[in-house]
Amino acid sequence: MSDDLVTWLRAQLDIDEKWARDTGGPLYGEPHDVGTPGHHARVLAEVDAKRRIIDKYELWSDEKFPDSNGGYASALADVLSMLALPYADRPGYRDEWKP
């Protein structure tokens, strides 16, 4: 998996976080409808969770631990590709990143 995907995915998460913070109002409420405060809190929670996954990928990358982690890095690389799918319509997404 390329560093380009990690960089690009982090930028998409930054965009999501900025949107949620700029438009969300108070971070409470029911997360049912887009535009409700609860929805924005859920977006922020998802951004945090996705950033943690990326951090784990970087910690356990194949470059640092080739074939020593039982496929953990490869599995995380697959997960990164799947995390990028919802952003496939955004500029900069590459077909090579499709899982």
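## Briefing on a predicted three-helix model

Asp 4, with a relative accessibility of 39%, falls between the 20% limit for buried and the 50% limit for exposed, and therefore counts as partly exposed. The structure in which Asp 4 is described here is a predicted model, and its secondary structure comes to 3 helices and 0 strands. Read from the N terminus, the elements follow the order α-α-α. Of the 99 residues in the protein, 30% are buried, and among the contacts between residues at least 6 apart in sequence, 54% join residues that are at least 24 apart.

**Salt bridges**

- Side chains of opposite charge can pair when their charged atoms come close, and a search of the whole structure finds 12 salt bridges.
- One of them joins Arg 94 to Asp 4, with the closest N and O atoms 3.1 Å apart. Because Arg 94 lies in the segment after helix 3 (72-84) while Asp 4 belongs to helix 1 (residues 3-23), the pair ties together parts that are 90 residues apart in sequence.
- Arg 94 is partly exposed, having a relative accessible area of 31%, and its partner Asp 4 is likewise partly exposed, at 39%.
- Lys 18 and Asp 22 form another salt bridge through their side chains, at 2.4 Å from N to O. Both residues lie in helix 1, where they are 4 residues apart, or about one turn of the helix.
- An α-helix has 3.6 residues a turn, so residues three or four places apart point the same way. Lys 18 and Asp 22 are both exposed.
- Lys 98 and Asp 95 also make a salt bridge, their closest N and O atoms being 3.5 Å apart. Lys 98 is partly exposed, with a relative accessible area of 48%, whereas Asp 95 is exposed, with a relative accessible area of 58%.
- Salt bridges also link Asp 14, Glu 17, Arg 21 and Arg 51 in a network.

**A buried lysine without a salt bridge**

- Lys 50, which lies in helix 2 (residues 37-59), is buried yet has no salt bridge. The nearest side chain of opposite charge is that of Glu 46, at 4.1 Å; a salt bridge requires a nitrogen-to-oxygen distance within 4 Å, so this pair is not counted as one.
- When neighbours within four places in sequence are left aside, the contacts of Lys 50 are with Leu 13, Leu 83 and Tyr 87.

**Helix 1**

- With 21 residues at 1.5 Å a residue, helix 1 should span 30 Å, and this agrees with the 30 Å that separates its end C-alpha atoms.
- The buried residues of helix 1 are Leu 5, Val 6, Trp 8, Leu 9, Gln 12, Leu 13, Asp 16 and Ala 20.
- Asp 22, also in helix 1, has a relative accessibility of 52%, which is over the 50% limit, so Asp 22 counts as exposed. The C-alpha atoms of Asp 22 and His 40 are separated by 9.5 Å, the two residues being 18 apart along the chain.

**Nonpolar core**

- The largest nonpolar core has 19 residues, among which Leu 5, Trp 8, Leu 9, Ile 54, Tyr 57, Leu 80 and Ala 84 touch the most other members.
- Helix 1, helix 2 and helix 3 are the elements that give two or more residues to this core, and helix 1 gives the most, with 6 residues.
- Leu 9, apart from neighbours within four places in sequence, is in contact with Ile 54, Leu 80, Leu 83, Ala 84 and Tyr 87.

**Aromatic pairs**

- A pair of aromatic rings is described by the distance of the centres and the angle of the planes, and the count for this structure comes to 4 aromatic pairs.
- In the pair formed by Trp 8 and Tyr 87, the ring centres are 6.4 Å apart and the planes meet at 80°, so the arrangement is edge-to-face. Since Trp 8 lies in helix 1 and Tyr 87 in the segment after helix 3, this pair ties together parts that are 79 residues apart in sequence.
- Trp 8 and Tyr 87 are both buried, and ring pairs link these two residues with Tyr 93 and Trp 97 into a cluster.

Key. Residues are numbered from 1 along each chain as its sequence is written. This is a predicted model: local features need pLDDT of at least 70, side-chain atom pairs count only at pLDDT 80 or more; totals for chains, interfaces and linings use all residues. Side-chain values use heavy atoms; hydrogens and water are left out. Buried means under 20% relative accessible area, exposed over 50%, partly exposed in between (1.4 Å probe, protein chains only). Lys and Arg count as positive and Asp and Glu as negative; His and the chain ends are not counted. Contact means heavy atoms within 4.5 Å. The expected span of a helix is 1.5 Å times one less than its number of residues. Rings of Phe, Tyr and Trp (its six-membered ring) pair if their centres lie within 6.5 Å; planes under 30 degrees apart count as stacked, over 60 as edge-to-face and the rest as tilted. A nonpolar core is a set of buried Ala, Val, Leu, Ile, Met, Phe, Trp, Tyr and Cys residues joined through side-chain atoms within 4.5 Å.
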